[in-house]
Amino acid sequence: MRIITGSAKGLRLKTAAGNATRPTSDRVKESLFSILSGLVDFPEVTAVLDIFSGTGALALESLSRGASSATFVDTSTNILSENIRRARFQNCKVLRDDFRKALKKLSAQNLQFDLIFSDPPYASGFAQISANLVAELNLLKTSGLLIVEHGVSETLTAPENLELARKISYGHTTAIDIFQRKGSEL
């Protein structure tokens, strides 16, 4: 796993040993960021949120492409912190907490994000729960995007005040839903 392009292009990211985690593959990440690059201008992205961040690959890729800052949420942050250090990004905040508690803390600070990535364990129910919380807690900026990676067999319902902008499937295992605020234009 590596950062595909930008200021940290080619940096190999540290991953957990074994099969306990399922990092987003380079192929899926490259395809996703190709789509996102047509929807957002990364140097204009001021705030990225990466829920279930794991290695931090999605937000780190965003930073490498020019996003200003990133907030990472995960219950285990050792590998994530090492990857941030190796990428030499200074504008990062790491929250080691349950995603529900972390999202409520961010909402209490009145924070909103241009891009929110949610990549929970497949078939855990957390994809829908995290999407609903993002909408309920008003964490997405008016022109922001919520990107949820989930198992292809899972079906997500658009959270209140959000609508599905794009749905992409990768093989027999991975799907990504991109949500925007109702009435927003991509």
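How many bridges join strand S6 (residues 162–170) to S7? Select both strands: 8 bridges join S6 to S7, and the two run antiparallel. Strands here, like helices, are DSSP runs numbered from the N terminus (E, at least two residues, for strands; H or I, at least four, for helices). Two strands are taken as paired if DSSP finds at least two bridges between them.

The model on screen is predicted, so local features require pLDDT of at least 70 and side-chain atom pairs count only at pLDDT 80 or more, while totals for chains, interfaces and linings use all residues. Residues are numbered from 1 along each chain as its sequence is written, and side-chain values use heavy atoms, with hydrogens and water left out.

**Stop 1: strand S7 and its partners**

Keep S6 and S7 selected and display Lys 167, whose bridge partner in S7 is Asp 177. The two strands form a hairpin with 3 residues between them. In its turn, select Gly 171, which has a positive phi of about 65°.

Next, add strand S5 (residues 140–151), which is joined to S7 by 7 bridges and runs antiparallel to S7. Glu 149 has Ile 176 as its bridge partner in S7. Strand S7 itself (residues 174–181) is mostly covered, with 7 of its 8 residues buried. Buried denotes a relative accessible area under 20%, exposed one over 50%, and partly exposed one in between (1.4 Å probe, protein chains only).

**Stop 2: the whole sheet**

Extend the selection to 7 strands, which form an open sheet of mixed pairing in the order S3-S2-S1-S4-S5-S7-S6. Strand S3 (92–96) and S6 are the edge strands, each pairing on one side only. Neighbouring strands of this sheet are turned by 15° against each other on average, direction ignored. Angles run from 0 to 180 degrees between N-to-C directions, and axes are lines fitted to C-alpha atoms, for helices over the stretch in contact.

At the S3 end, select strand S2 (residues 70–74): 5 bridges join S2 to S3, and the two run parallel. Thr 71 has Lys 93 as its bridge partner in S3.

Now display helix H1 (residues 26–37), which packs on the sheet and touches strand S4 (113–118), S5, S6 and S7. Contact means heavy atoms within 4.5 Å. The direction of H1 makes about 140° with that of S6. Helix H4 (residues 99–108) also packs on the sheet, touching strand S1 (48–51), S2, S3 and S4, and its direction makes about 160° with that of S1.

**Stop 3: helices H1 and H2**

Two packed helices are described by the angle between their axes and the distance between the axes. Select H1 and H2: their axes come within 11 Å and cross at roughly 45°. The two helices are therefore oblique to each other; angles under 35 degrees count as roughly parallel, over 145 as roughly antiparallel, 65 to 115 as roughly perpendicular and the rest as oblique. The contact is made by Lys 29, Leu 32 and Phe 33 of H1 and by Ala 57, Leu 58, Glu 61 and Ser 62 of H2.

**Stop 4: salt bridges**

A search of the whole structure finds 7 salt bridges, each defined as a side-chain nitrogen of Lys or Arg within 4 Å of a carboxyl oxygen of Asp or Glu. Display Glu 61 and Lys 29, which form a salt bridge with the closest N and O atoms 3.8 Å apart. Glu 61 lies in helix H2 (residues 57–64) and Lys 29 in helix H1, so this pair ties together parts that are 32 residues apart in sequence. Glu 61 is buried at a relative accessible area of 0%, and Lys 29 is likewise buried, at 0%.

Add Arg 65, whose side chain meets that of Glu 61 in a salt bridge (2.8 Å, N to O).

Move to helix H3 (residues 78–87), where Glu 82 and Arg 85 are 3 residues apart, about one helical turn. Their side chains meet in a salt bridge (2.7 Å, N to O). Glu 82 is partly exposed at 23% relative accessible area, whereas Arg 85 is exposed at 53%.

**Stop 5: two asparagines in loops**

Most residues other than glycine have a negative phi. Select Asn 110, in the loop between H4 and S4: its phi is positive, near 60°, and the residue is exposed at 70% relative accessible area. Finish at Asn 138, in the loop between helix H5 (126–136) and S5. Phi of Asn 138 is also positive, near 55°, and Asn 138 is partly exposed at 39% relative accessibility.
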